[in-house]
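Here is a model to walk through together. Have your viewer open, and let us take it one region at a time.

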Amino acid sequence: MISGYYSPEFFCDRQQETAKIIDALHNGRDVTLIAPRRMGKTGLIRHVFYHLRERQPDIVTLYMDIYSTQSLGDFVRLLANTVLGKLDSAPQKALSRIGKFIRSCRPVFTFDELTGMPKVTVDVAPSEENNTLKEIFEYLGSSEKRCYVAIDEFQQIVEYPENGVEALLRSYIQFLPNINFIFAGSRQHVMQEMFISSKKPFYQSTQLLTIGSIERAEYSRFATDYFKKHGTRFPEDVFDAVYDKFAGHTWYVQCVLNRLYGYNCDVDNSLVGYAVEQIVSELSYLYSDLLKGYSMGQIHLLKAIVCEGCVKEVLAGDFIGRHRLRAASSVSAALKKLVDNELVYRSDSGYIVYDRFMGEWLRMQLFDIVFYILRYRVRLGITNRTSSLYCTPLLLYLCINNNIDKDECR
Ligand SMILES: Nc1ncnc2c1ncn2[C@@H]1O[C@H](COP(=O)(O)OP(=O)(O)OP(=O)(O)O)[C@@H](O)[C@H]1O
Ligand SMILES: [Mg+2]
(Lines give C-alpha, C1' and ligand atoms only; values in the text may rest on other atoms or scores of the structure.)
(Ligands and ions follow the chains in the order given, each with its own letter.)
Protein backbone atom coordinates (compact mmCIF):
# COMPACT_ATOMS: atom_id res chain seq x y z
CA MET A 1 0.00 0.00 0.00
CA ILE A 2 1.37 3.42 -0.83
CA SER A 3 -1.29 5.59 0.70
CA GLY A 4 -3.46 5.45 3.78
CA TYR A 5 -3.82 2.71 6.36
CA TYR A 6 -5.99 -0.34 5.82
CA SER A 7 -5.40 -2.99 8.46
CA PRO A 8 -2.56 -4.75 10.31
CA GLU A 9 -2.31 -7.24 7.43
CA PHE A 10 -0.88 -4.50 5.21
CA PHE A 11 1.26 -2.95 7.90
CA CYS A 12 4.78 -4.13 8.52
CA ASP A 13 6.29 -4.49 11.98
CA ARG A 14 6.49 -1.34 14.19
CA GLN A 15 5.52 -3.66 17.04
CA GLN A 16 7.77 -2.06 19.64
CA GLU A 17 6.76 1.46 18.66
CA THR A 18 3.08 0.49 18.71
CA ALA A 19 3.42 -1.08 22.16
CA LYS A 20 5.28 1.96 23.52
CA ILE A 21 2.66 4.40 22.30
CA ILE A 22 -0.23 2.28 23.57
CA ASP A 23 1.47 1.90 26.94
CA ALA A 24 2.05 5.65 27.22
CA LEU A 25 -1.51 6.53 26.26
CA HIS A 26 -3.02 3.91 28.59
CA ASN A 27 -1.03 5.37 31.43
CA GLY A 28 -2.10 8.91 30.72
CA ARG A 29 1.09 10.11 29.02
CA ASP A 30 0.95 12.20 25.88
CA VAL A 31 3.34 11.19 23.09
CA THR A 32 5.53 13.16 20.71
CA LEU A 33 6.32 11.21 17.58
CA ILE A 34 9.17 12.50 15.42
CA ALA A 35 10.40 11.04 12.14
CA PRO A 36 11.55 12.23 8.73
CA ARG A 37 8.90 12.70 6.11
CA ARG A 38 7.47 9.55 4.58
CA MET A 39 8.92 7.28 7.22
CA GLY A 40 5.52 6.12 8.45
CA LYS A 41 4.31 8.43 11.26
CA THR A 42 0.73 8.72 10.07
CA GLY A 43 0.55 5.00 9.34
CA LEU A 44 1.81 4.26 12.83
CA ILE A 45 -0.76 6.56 14.44
CA ARG A 46 -3.53 4.82 12.46
CA HIS A 47 -2.13 1.43 13.46
CA VAL A 48 -2.07 2.42 17.13
CA PHE A 49 -5.64 3.72 16.92
CA TYR A 50 -6.74 0.49 15.24
CA HIS A 51 -5.37 -1.56 18.14
CA LEU A 52 -6.74 0.80 20.78
CA ARG A 53 -10.23 0.54 19.29
CA GLU A 54 -9.95 -3.25 19.09
CA ARG A 55 -9.16 -3.44 22.79
CA GLN A 56 -11.70 -0.85 23.91
CA PRO A 57 -14.43 -0.30 21.32
CA ASP A 58 -16.02 2.48 23.35
CA ILE A 59 -13.05 4.85 23.16
CA VAL A 60 -12.89 7.70 20.67
CA THR A 61 -9.85 8.25 18.44
CA LEU A 62 -9.53 11.51 16.56
CA TYR A 63 -6.93 12.44 13.98
CA MET A 64 -6.18 15.84 12.50
CA ASP A 65 -3.43 16.83 10.08
CA ILE A 66 -2.65 20.53 10.47
CA TYR A 67 -0.11 20.74 7.62
CA SER A 68 -2.38 23.00 5.59
CA THR A 69 -3.28 25.37 8.44
CA GLN A 70 -1.71 28.83 8.29
CA SER A 71 -3.08 30.50 11.41
CA LEU A 72 -4.73 29.90 14.76
CA GLY A 73 -8.09 30.52 13.07
CA ASP A 74 -7.45 27.67 10.61
CA PHE A 75 -6.44 25.46 13.52
CA VAL A 76 -9.61 26.27 15.47
CA ARG A 77 -11.84 25.51 12.48
CA LEU A 78 -10.10 22.21 11.79
CA LEU A 79 -10.20 21.24 15.47
CA ALA A 80 -13.92 22.06 15.60
CA ASN A 81 -14.61 19.92 12.53
CA THR A 82 -12.53 17.06 13.94
CA VAL A 83 -13.90 17.08 17.45
CA LEU A 84 -17.43 18.43 17.65
CA GLY A 85 -20.07 15.73 17.61
CA LYS A 86 -17.57 12.85 17.86
CA LEU A 87 -17.63 12.38 21.62
CA ASP A 88 -21.29 11.62 22.08
CA SER A 89 -22.92 8.29 21.36
CA ALA A 90 -26.36 9.65 20.44
CA PRO A 91 -26.93 12.42 17.89
CA GLN A 92 -29.40 14.18 20.22
CA LYS A 93 -26.88 14.28 23.01
CA ALA A 94 -24.24 15.64 20.61
CA LEU A 95 -26.53 18.43 19.51
CA SER A 96 -27.41 19.48 23.02
CA ARG A 97 -23.80 19.33 24.29
CA ILE A 98 -22.47 21.30 21.34
CA GLY A 99 -25.21 23.88 21.86
CA LYS A 100 -24.29 24.10 25.54
CA PHE A 101 -20.55 24.58 25.06
CA ILE A 102 -20.12 26.33 21.73
CA ARG A 103 -21.54 29.81 22.16
CA SER A 104 -19.02 32.08 20.45
CA CYS A 105 -19.91 30.96 16.93
CA ARG A 106 -22.74 29.32 15.11
CA PRO A 107 -22.18 25.61 14.42
CA VAL A 108 -23.79 24.24 11.25
CA PHE A 109 -25.10 20.69 11.62
CA THR A 110 -25.44 18.08 8.93
CA PHE A 111 -25.83 14.34 9.37
CA ASP A 112 -23.49 11.67 8.09
CA GLU A 113 -25.57 9.53 5.75
CA LEU A 114 -23.94 6.28 6.82
CA THR A 115 -23.56 6.59 10.57
CA GLY A 116 -26.31 9.10 11.33
CA MET A 117 -23.81 11.02 13.48
CA PRO A 118 -23.96 14.79 13.30
CA LYS A 119 -21.21 16.50 11.35
CA VAL A 120 -20.43 19.98 12.53
CA THR A 121 -18.74 22.85 10.79
CA VAL A 122 -18.20 26.21 12.41
CA ASP A 123 -17.81 29.66 11.03
CA VAL A 124 -15.50 31.42 13.46
CA ALA A 125 -15.15 35.20 13.33
CA PRO A 126 -11.50 36.27 13.76
CA SER A 127 -12.35 38.12 16.98
CA GLU A 128 -13.86 34.94 18.47
CA GLU A 129 -11.09 32.46 17.65
CA ASN A 130 -9.67 32.33 21.17
CA ASN A 131 -13.12 31.92 22.72
CA THR A 132 -14.07 29.13 20.32
CA LEU A 133 -10.80 27.32 21.04
CA LYS A 134 -11.52 27.48 24.77
CA GLU A 135 -15.06 26.21 24.24
CA ILE A 136 -13.92 23.27 22.11
CA PHE A 137 -11.48 22.20 24.81
CA GLU A 138 -14.23 22.57 27.44
CA TYR A 139 -16.47 20.38 25.27
CA LEU A 140 -13.66 17.79 25.02
CA GLY A 141 -12.98 17.87 28.77
CA SER A 142 -16.62 17.47 29.74
CA SER A 143 -17.07 14.17 27.90
CA GLU A 144 -17.21 10.94 29.91
CA LYS A 145 -15.57 9.13 27.03
CA ARG A 146 -11.91 8.18 26.95
CA CYS A 147 -10.47 9.91 23.95
CA TYR A 148 -7.17 10.01 22.05
CA VAL A 149 -6.39 12.90 19.75
CA ALA A 150 -3.53 12.84 17.22
CA ILE A 151 -2.34 16.16 15.86
CA ASP A 152 -0.15 15.42 12.86
CA GLU A 153 2.44 17.88 11.46
CA PHE A 154 2.29 19.65 14.81
CA GLN A 155 5.37 21.80 14.04
CA GLN A 156 3.07 23.84 11.81
CA ILE A 157 1.87 25.85 14.84
CA VAL A 158 5.28 27.55 14.98
CA GLU A 159 4.49 29.16 11.61
CA TYR A 160 1.25 30.80 12.77
CA PRO A 161 1.49 34.59 12.83
CA GLU A 162 -0.17 34.86 16.27
CA ASN A 163 2.06 35.01 19.34
CA GLY A 164 1.89 32.51 22.16
CA VAL A 165 0.02 29.69 20.34
CA GLU A 166 2.13 26.99 22.01
CA ALA A 167 1.44 28.40 25.48
CA LEU A 168 -2.25 28.77 24.72
CA LEU A 169 -2.65 25.16 23.53
CA ARG A 170 -0.60 23.81 26.40
CA SER A 171 -2.73 25.70 28.92
CA TYR A 172 -5.85 23.86 27.68
CA ILE A 173 -4.33 20.48 26.93
CA GLN A 174 -2.87 19.95 30.39
CA PHE A 175 -6.30 20.09 32.06
CA LEU A 176 -8.01 17.32 30.10
CA PRO A 177 -7.86 14.17 32.25
CA ASN A 178 -9.93 11.98 29.88
CA ILE A 179 -7.94 12.92 26.78
CA ASN A 180 -4.43 12.06 25.66
CA PHE A 181 -2.61 13.44 22.69
CA ILE A 182 -0.12 12.29 20.10
CA PHE A 183 1.83 15.18 18.60
CA ALA A 184 3.56 14.06 15.41
CA GLY A 185 5.94 15.99 13.20
CA SER A 186 8.75 15.67 10.71
CA ARG A 187 10.81 18.82 11.30
CA GLN A 188 13.05 17.21 13.82
CA HIS A 189 14.73 20.35 15.11
CA VAL A 190 11.54 22.35 15.43
CA MET A 191 9.79 19.48 17.21
CA GLN A 192 12.72 18.87 19.53
CA GLU A 193 12.94 22.56 20.38
CA MET A 194 9.23 22.56 21.24
CA PHE A 195 9.36 19.56 23.54
CA ILE A 196 12.93 19.55 24.88
CA SER A 197 13.74 23.21 25.38
CA SER A 198 13.10 24.35 28.94
CA LYS A 199 12.00 27.74 27.63
CA LYS A 200 9.06 26.26 25.73
CA PRO A 201 5.53 25.62 27.08
CA PHE A 202 5.48 21.93 26.04
CA TYR A 203 8.84 21.29 27.78
CA GLN A 204 9.02 17.65 28.95
CA SER A 205 5.26 17.35 28.87
CA THR A 206 5.22 14.24 26.68
CA GLN A 207 7.00 10.97 26.04
CA LEU A 208 9.30 11.37 23.06
CA LEU A 209 9.49 8.70 20.39
CA THR A 210 11.47 8.81 17.18
CA ILE A 211 11.08 6.26 14.43
CA GLY A 212 13.50 5.28 11.69
CA SER A 213 13.43 2.66 8.96
CA ILE A 214 11.58 -0.60 9.52
CA GLU A 215 14.06 -3.28 10.46
CA ARG A 216 15.40 -5.01 7.35
CA ALA A 217 14.67 -8.63 8.32
CA GLU A 218 11.08 -7.84 9.31
CA TYR A 219 10.51 -5.85 6.15
CA SER A 220 12.03 -8.59 4.01
CA ARG A 221 9.75 -11.22 5.56
CA PHE A 222 6.71 -9.00 5.14
CA ALA A 223 7.44 -8.28 1.47
CA THR A 224 8.60 -11.70 0.31
CA ASP A 225 5.71 -13.49 2.09
CA TYR A 226 3.30 -11.13 0.44
CA PHE A 227 4.62 -11.94 -3.01
CA LYS A 228 4.68 -15.64 -2.19
CA LYS A 229 1.01 -15.57 -1.20
CA HIS A 230 0.26 -14.22 -4.64
CA GLY A 231 2.30 -16.85 -6.45
CA THR A 232 5.41 -14.82 -7.38
CA ARG A 233 8.98 -15.16 -6.18
CA PHE A 234 10.79 -12.27 -4.57
CA PRO A 235 14.25 -13.48 -3.48
CA GLU A 236 15.55 -12.05 -0.22
CA ASP A 237 18.76 -10.69 -1.76
CA VAL A 238 16.72 -8.76 -4.33
CA PHE A 239 14.61 -7.28 -1.54
CA ASP A 240 17.83 -6.33 0.26
CA ALA A 241 18.96 -4.42 -2.85
CA VAL A 242 15.72 -2.42 -2.85
CA TYR A 243 16.00 -1.78 0.88
CA ASP A 244 19.63 -0.60 0.56
CA LYS A 245 18.95 1.63 -2.43
CA PHE A 246 16.50 3.68 -0.36
CA ALA A 247 18.10 3.09 3.04
CA GLY A 248 14.87 1.39 4.11
CA HIS A 249 12.95 4.68 3.85
CA THR A 250 9.40 3.33 4.04
CA TRP A 251 7.45 5.19 1.38
CA TYR A 252 10.16 4.78 -1.27
CA VAL A 253 10.52 1.07 -0.60
CA GLN A 254 6.73 0.70 -0.64
CA CYS A 255 6.47 2.52 -3.97
CA VAL A 256 8.93 0.16 -5.60
CA LEU A 257 7.25 -2.90 -4.03
CA ASN A 258 3.92 -1.64 -5.32
CA ARG A 259 5.26 -1.43 -8.89
CA LEU A 260 6.91 -4.82 -8.67
CA TYR A 261 3.71 -6.37 -7.38
CA GLY A 262 1.81 -4.88 -10.28
CA TYR A 263 4.12 -6.57 -12.83
CA ASN A 264 2.79 -9.88 -11.53
CA CYS A 265 5.93 -11.92 -12.23
CA ASP A 266 9.00 -13.19 -10.39
CA VAL A 267 11.22 -10.35 -9.24
CA ASP A 268 14.91 -10.01 -10.04
CA ASN A 269 17.40 -7.13 -9.97
CA SER A 270 16.73 -6.06 -13.52
CA LEU A 271 12.99 -5.81 -12.82
CA VAL A 272 13.82 -3.66 -9.78
CA GLY A 273 15.98 -1.42 -12.00
CA TYR A 274 13.14 -1.12 -14.47
CA ALA A 275 10.61 -0.24 -11.74
CA VAL A 276 12.86 2.47 -10.28
CA GLU A 277 13.55 3.87 -13.73
CA GLN A 278 9.84 4.04 -14.46
CA ILE A 279 9.05 5.86 -11.24
CA VAL A 280 11.93 8.30 -11.61
CA SER A 281 11.15 9.09 -15.23
CA GLU A 282 7.52 9.84 -14.29
CA LEU A 283 8.82 12.30 -11.73
CA SER A 284 11.62 13.82 -13.79
CA TYR A 285 9.58 16.69 -15.18
CA LEU A 286 8.54 17.64 -11.66
CA TYR A 287 12.13 17.62 -10.44
CA SER A 288 13.51 19.70 -13.29
CA ASP A 289 10.70 22.18 -12.77
CA LEU A 290 11.44 22.32 -9.05
CA LEU A 291 15.14 22.97 -9.64
CA LYS A 292 14.38 26.01 -11.75
CA GLY A 293 14.01 27.86 -8.46
CA TYR A 294 17.58 27.05 -7.40
CA SER A 295 20.98 28.48 -8.31
CA MET A 296 23.77 26.51 -9.93
CA GLY A 297 25.68 26.45 -6.65
CA GLN A 298 22.71 24.97 -4.81
CA ILE A 299 22.12 22.31 -7.48
CA HIS A 300 25.82 21.51 -7.55
CA LEU A 301 25.77 20.96 -3.78
CA LEU A 302 22.65 18.80 -4.04
CA LYS A 303 24.33 16.63 -6.62
CA ALA A 304 27.50 16.40 -4.53
CA ILE A 305 25.49 15.21 -1.49
CA VAL A 306 23.64 12.64 -3.56
CA CYS A 307 26.90 11.31 -5.01
CA GLU A 308 28.16 10.62 -1.49
CA GLY A 309 24.80 9.38 -0.13
CA CYS A 310 25.28 10.89 3.31
CA VAL A 311 27.65 13.73 4.21
CA LYS A 312 28.67 14.29 7.81
CA GLU A 313 30.53 17.60 7.28
CA VAL A 314 29.32 19.54 4.27
CA LEU A 315 31.75 22.39 4.98
CA ALA A 316 34.79 20.13 5.29
CA GLY A 317 37.59 21.00 2.89
CA ASP A 318 37.91 17.52 1.42
CA PHE A 319 34.20 17.31 0.52
CA ILE A 320 34.28 20.79 -1.03
CA GLY A 321 37.49 19.95 -2.90
CA ARG A 322 36.35 16.53 -4.08
CA HIS A 323 33.26 18.00 -5.70
CA ARG A 324 34.89 21.25 -6.82
CA LEU A 325 32.35 23.31 -4.88
CA ARG A 326 32.77 27.02 -4.20
CA ALA A 327 34.00 28.72 -1.03
CA ALA A 328 32.74 27.39 2.29
CA SER A 329 30.64 30.52 2.88
CA SER A 330 28.64 30.06 -0.32
CA VAL A 331 28.32 26.30 0.32
CA SER A 332 26.99 27.16 3.77
CA ALA A 333 24.40 29.57 2.32
CA ALA A 334 23.40 26.98 -0.31
CA LEU A 335 23.07 24.30 2.35
CA LYS A 336 20.81 26.53 4.45
CA LYS A 337 18.45 27.08 1.55
CA LEU A 338 18.35 23.36 0.69
CA VAL A 339 17.66 22.41 4.32
CA ASP A 340 15.06 25.16 4.83
CA ASN A 341 13.21 24.02 1.72
CA GLU A 342 13.46 20.36 2.77
CA LEU A 343 15.47 19.24 -0.23
CA VAL A 344 18.22 18.17 2.12
CA TYR A 345 17.62 16.56 5.50
CA ARG A 346 19.98 16.51 8.45
CA SER A 347 19.80 12.98 9.81
CA ASP A 348 21.76 11.74 12.81
CA SER A 349 24.46 10.35 10.55
CA GLY A 350 24.74 13.39 8.23
CA TYR A 351 23.10 15.32 5.42
CA ILE A 352 21.09 13.40 2.83
CA VAL A 353 18.90 14.35 -0.13
CA TYR A 354 15.43 14.09 1.39
CA ASP A 355 13.51 12.75 -1.58
CA ARG A 356 15.11 9.43 -2.44
CA PHE A 357 13.63 9.34 -5.93
CA MET A 358 14.99 12.79 -6.55
CA GLY A 359 18.34 11.41 -5.43
CA GLU A 360 18.09 8.64 -8.04
CA TRP A 361 17.13 11.18 -10.69
CA LEU A 362 20.00 13.50 -9.77
CA ARG A 363 22.42 10.61 -10.00
CA MET A 364 21.37 10.14 -13.62
CA GLN A 365 21.95 13.74 -14.63
CA LEU A 366 25.02 15.04 -16.43
CA PHE A 367 25.26 18.30 -14.56
CA ASP A 368 29.03 18.14 -14.55
CA ILE A 369 29.33 19.53 -18.07
CA VAL A 370 27.32 22.58 -17.07
CA PHE A 371 29.26 23.08 -13.85
CA TYR A 372 32.48 22.84 -15.85
CA ILE A 373 31.34 25.45 -18.35
CA LEU A 374 30.25 27.77 -15.57
CA ARG A 375 33.43 27.37 -13.57
CA TYR A 376 35.77 27.91 -16.49
CA ARG A 377 33.59 30.29 -18.42
CA VAL A 378 36.13 33.14 -18.16
CA ARG A 379 38.94 31.01 -19.54
CA LEU A 380 36.58 29.68 -22.19
CA GLY A 381 35.73 33.28 -23.11
CA ILE A 382 32.08 33.00 -22.02
CA THR A 383 30.73 36.19 -20.47
CA ASN A 384 28.30 36.25 -17.55
CA ARG A 385 25.55 37.24 -19.90
CA THR A 386 26.12 34.36 -22.28
CA SER A 387 26.50 31.84 -19.47
CA SER A 388 23.32 32.98 -17.78
CA LEU A 389 21.59 32.90 -21.13
CA TYR A 390 22.79 29.49 -22.22
CA CYS A 391 23.89 27.51 -19.21
CA THR A 392 20.58 27.47 -17.36
CA PRO A 393 18.63 26.37 -20.42
CA LEU A 394 21.36 23.82 -21.09
CA LEU A 395 21.08 22.54 -17.55
CA LEU A 396 17.32 22.28 -17.80
CA TYR A 397 17.63 20.63 -21.17
CA LEU A 398 19.94 18.07 -19.63
CA CYS A 399 17.60 17.65 -16.71
CA ILE A 400 14.66 16.87 -18.90
CA ASN A 401 16.30 14.91 -21.66
CA ASN A 402 19.19 13.12 -20.15
CA ASN A 403 18.61 9.73 -18.68
CA ILE A 404 22.08 8.36 -19.26
CA ASP A 405 23.95 7.23 -16.21
CA LYS A 406 26.95 9.47 -15.57
CA ASP A 407 29.32 6.55 -15.06
CA GLU A 408 28.29 4.95 -18.34
CA CYS A 409 29.40 8.06 -20.19
CA ARG A 410 32.88 8.26 -18.83
N1 LIG B 1 4.78 -0.11 8.75
C2 LIG B 1 4.42 0.05 7.48
N3 LIG B 1 4.20 -1.03 6.70
C4 LIG B 1 3.88 -0.89 5.40
N5 LIG B 1 3.75 0.29 4.79
C6 LIG B 1 3.95 1.40 5.51
C7 LIG B 1 4.30 1.34 6.90
N8 LIG B 1 4.43 2.61 7.34
C9 LIG B 1 4.18 3.40 6.31
N10 LIG B 1 3.91 2.68 5.21
C11 LIG B 1 3.65 3.18 3.87
O12 LIG B 1 4.41 4.34 3.65
C13 LIG B 1 3.54 5.42 3.27
C14 LIG B 1 4.06 6.66 3.97
O15 LIG B 1 3.80 6.54 5.33
P16 LIG B 1 3.13 7.70 6.18
O17 LIG B 1 2.18 8.50 5.37
O18 LIG B 1 2.65 7.08 7.42
O19 LIG B 1 4.45 8.55 6.46
P20 LIG B 1 4.59 9.93 7.18
O21 LIG B 1 5.84 9.82 7.99
O22 LIG B 1 3.34 10.29 7.87
O23 LIG B 1 4.83 10.88 5.91
P24 LIG B 1 4.60 12.47 5.78
O25 LIG B 1 5.68 13.09 6.58
O26 LIG B 1 4.74 12.71 4.31
O27 LIG B 1 3.23 12.76 6.32
C28 LIG B 1 2.16 5.00 3.75
O29 LIG B 1 1.15 5.44 2.94
C30 LIG B 1 2.21 3.52 3.67
O31 LIG B 1 1.83 3.15 2.35
MG1 LIG C 1 2.08 11.94 7.68
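The paragraphs below go from the sheet to a helix packed on it, then to a kinked helix and the ligand.

Please keep in mind that this is a predicted model. A good place to begin is the sheet: five strands make up an open sheet, running in the order β2-β5-β6-β1-β7 with parallel pairing. At its edges sit β2 (60–65) and β7 (207–210), each of which pairs on one side only. Ignoring direction, neighbouring strands of this sheet are turned by 15° against each other on average.

Now pick out one pair of strands. Strand β5 (residues 147–152) and strand β6 (residues 179–185) are joined in the parallel sense over five bridges. To find your way along this pair, look for C147, whose bridge partner in β6 is I179. Helix α1 (residues 15–26) packs on the sheet, where it touches β1 (31–34), β5, β6 and β7. The direction of α1 makes about 165° with that of β7.

Next, move on to helix α11 (residues 269–291), which has a kink of about 45° centred on S284. S284 is also one of the buried residues of α11, a set that further includes V272, A275, V276, V280 and L291. An α-helix has 3.6 residues a turn, so residues three or four places apart point the same way.

Finally, which residues come nearest to ligand 1? Of the 21 residues around ligand 1, they are C12, R37, G40, T42 and G43. The elements giving two or more residues to this shell are α2 (41–55) and α10 (250–263). Sorted by class, the shell around ligand 1 holds eight nonpolar, eight polar and five charged residues.

Conventions
Residues are numbered from 1 along each chain as its sequence is written. Chains are lettered from A and ligands numbered from 1 in the order in which they are written. This is a predicted model: local features need pLDDT of at least 70, side-chain atom pairs count only at pLDDT 80 or more; totals for chains, interfaces and linings use all residues. A residue is near a molecule or strand if its C-beta atom, placed from the backbone, lies within 6 Å of it. Helices (H or I, at least four residues) and strands (E, at least two) are DSSP runs, numbered from the N terminus. Ala, Val, Leu, Ile, Met, Phe, Trp, Tyr, Cys and Pro count as nonpolar, Asp, Glu, Lys and Arg as charged, and the others, Gly among them, as polar. The bend at a residue is the angle between axes fitted to the seven residues ending there and the seven starting there. A residue is buried if 20 or more other C-beta atoms lie within 10 Å of its own, exposed if 12 or fewer, and partly exposed in between; C-beta atoms are placed from the backbone. Two strands pair if DSSP finds at least two bridges between them. Axes are lines fitted to C-alpha atoms, for helices over the stretch in contact, and angles run from 0 to 180 degrees between N-to-C directions. Two residues are in contact if their C-beta atoms, placed from the backbone, lie within 7 Å.
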